Amino acid sequence: MKWQTYFFKEVDSTNTRAVDYDVGSVIIAENQTAGRGRNGRRWQSLAGNLFLSAVLPALQNETPFLSFVAGVSLAEALPDVPVRLKWPNDVLLHHAKIAGILLERVDDKVIAGFGVNIRQAPDRDMLYQAGSLNQKYTPEEVTKNLLTVLSDNLDLLMQSGFTPIRQKWLNYAVGIGEEIEVKLPHETIRGLFETLTPQGAISLKTPTETRLISAGDIFLL
Ligand code: BTN
């Protein structure tokens, strides 16, 4: 992918702005006044952090896997820190969430929005403990690394399917083989996180059955 980058001082949300751009565009803003997180949550946009949205093609059968491509790419963009991935694509450092990714499909595009806490962590997050990279990288370094590996991993997905991306994801994953809790819109279930299925779902073994979960928030116990 050949990227075309657009910088803004302030936008409402880079994901919202990105809708007006072609595949291959990257929208970066220094500040967001209405940053959005997953499941309708807000994303606090603190000074010095990175807010970046990349416009990806909505691939025929591979679109659900873009979520893992995005997570793996962000992890690979931070090579000298021991980051892990929490399903599907939260980036953790020492058990604290340092980055989140929001994918939104609009017509034939998928907007992949990356929020990376380069300098500051929100003081409190309703769901998870938040952390930051403590300026180990500059936003420019993360951007450069991320766009390189994101392009490579998109090629890998298109050429070889989900198998190699799944393997990379498993190498970063937290919680596999452990008891976890999954919050779904209307229930919370607890079970053993067996593996990530070849379709990208969580296989959760409960005392009574094995459930496949493809959306929700997971919590390590
Ligand atoms: C999450 O809930 O973990 C996902 C957070 C995604 C935040 C990023 S910041 C850049 C882009 N623009 C947004 O409004 N959201 C994403």
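Of the 20 residues around the ligand in this predicted model, those that come nearest are Ser13, Gln32, Arg36, Arg38 and Lys97, where a residue is near a molecule or strand if one of its heavy atoms lies within 4 Å of it. Three of the contacts with the ligand can be described at the level of atoms, a polar contact being a pair of N or O atoms within 3.5 Å, with the further conditions within protein that one atom must be able to donate a hydrogen and the other to accept it, and that residues adjacent in sequence count only if both atoms are side-chain atoms. A nitrogen atom of the ligand lies 2.9 Å from a polar side-chain atom of Gln32. Oxygen atoms of the ligand take part in the other two contacts, one with a backbone N or O atom of Arg38 at 2.7 Å and one with an N or O atom in the side chain of Lys97 at 2.6 Å.

Residues are numbered from 1 along each chain as its sequence is written. Local features need pLDDT of at least 70 and side-chain atom pairs count only at pLDDT 80 or more, whereas totals for chains, interfaces and linings use all residues, and side-chain values use heavy atoms, with hydrogens and water left out.

Helix α2 (residues 66–76) is largely enclosed by the rest of the structure, because 10 of its 11 residues are buried; helices (H or I, at least four residues) and strands (E, at least two) are DSSP runs numbered from the N terminus, and buried means under 20% relative accessible area, exposed over 50% and partly exposed in between, with a 1.4 Å probe and protein chains only. Among the buried residues of α2 are Val69, Ala70 and Ser73, and these are also in contact with Leu150, a residue of helix α3. Leu150 counts as buried, at 0% relative accessibility, and its contacts (heavy atoms within 4.5 Å), leaving aside neighbours within four places in sequence, further include Trp3, Ala54, Leu56 and Phe114. The C-alpha atoms of Leu150 and Leu56 are separated by 10.0 Å, although the two residues are 94 residues apart along the chain. Ser151, likewise placed in α3, is buried with a relative accessible area of 8% and touches Met1 and Trp3, residues up to four places away in sequence not being counted.

Helix α3 (residues 139–160) packs against helix α4 (residues 163–172) at an angle of about 130 degrees, with the axes 7 Å apart. That angle makes α3 oblique to α4, since angles under 35 degrees count as roughly parallel, over 145 as roughly antiparallel, 65 to 115 as roughly perpendicular and the rest as oblique. Asn153, Leu156, Leu157 and Ser160 in α3 meet Thr163, Pro164, Ile165 and Lys168 in α4, and the residues of this contact divide into four nonpolar, three polar and one charged.

Several features of the backbone lie in loops. Most residues other than glycine have a negative phi, and most peptide bonds are trans. Trp87 and Pro88, however, are joined by a cis peptide bond with omega of about -10 degrees, Pro88 being placed in the loop between β4 (83–86) and β5 (90–93). His95, in the loop between β5 and β6 (96–106), has a positive phi of about 70 degrees although it is not a glycine, and is exposed with a relative accessible area of 70%. Asn134, in the loop between β7 (109–116) and α3, has a positive phi of about 55 degrees and counts as exposed at 64% relative accessibility.

Technical notes: Axes fitted to C-alpha atoms, helices over the stretch in contact; angles between N-to-C directions. Nonpolar A, V, L, I, M, F, W, Y, C, P; charged D, E, K, R; others polar.
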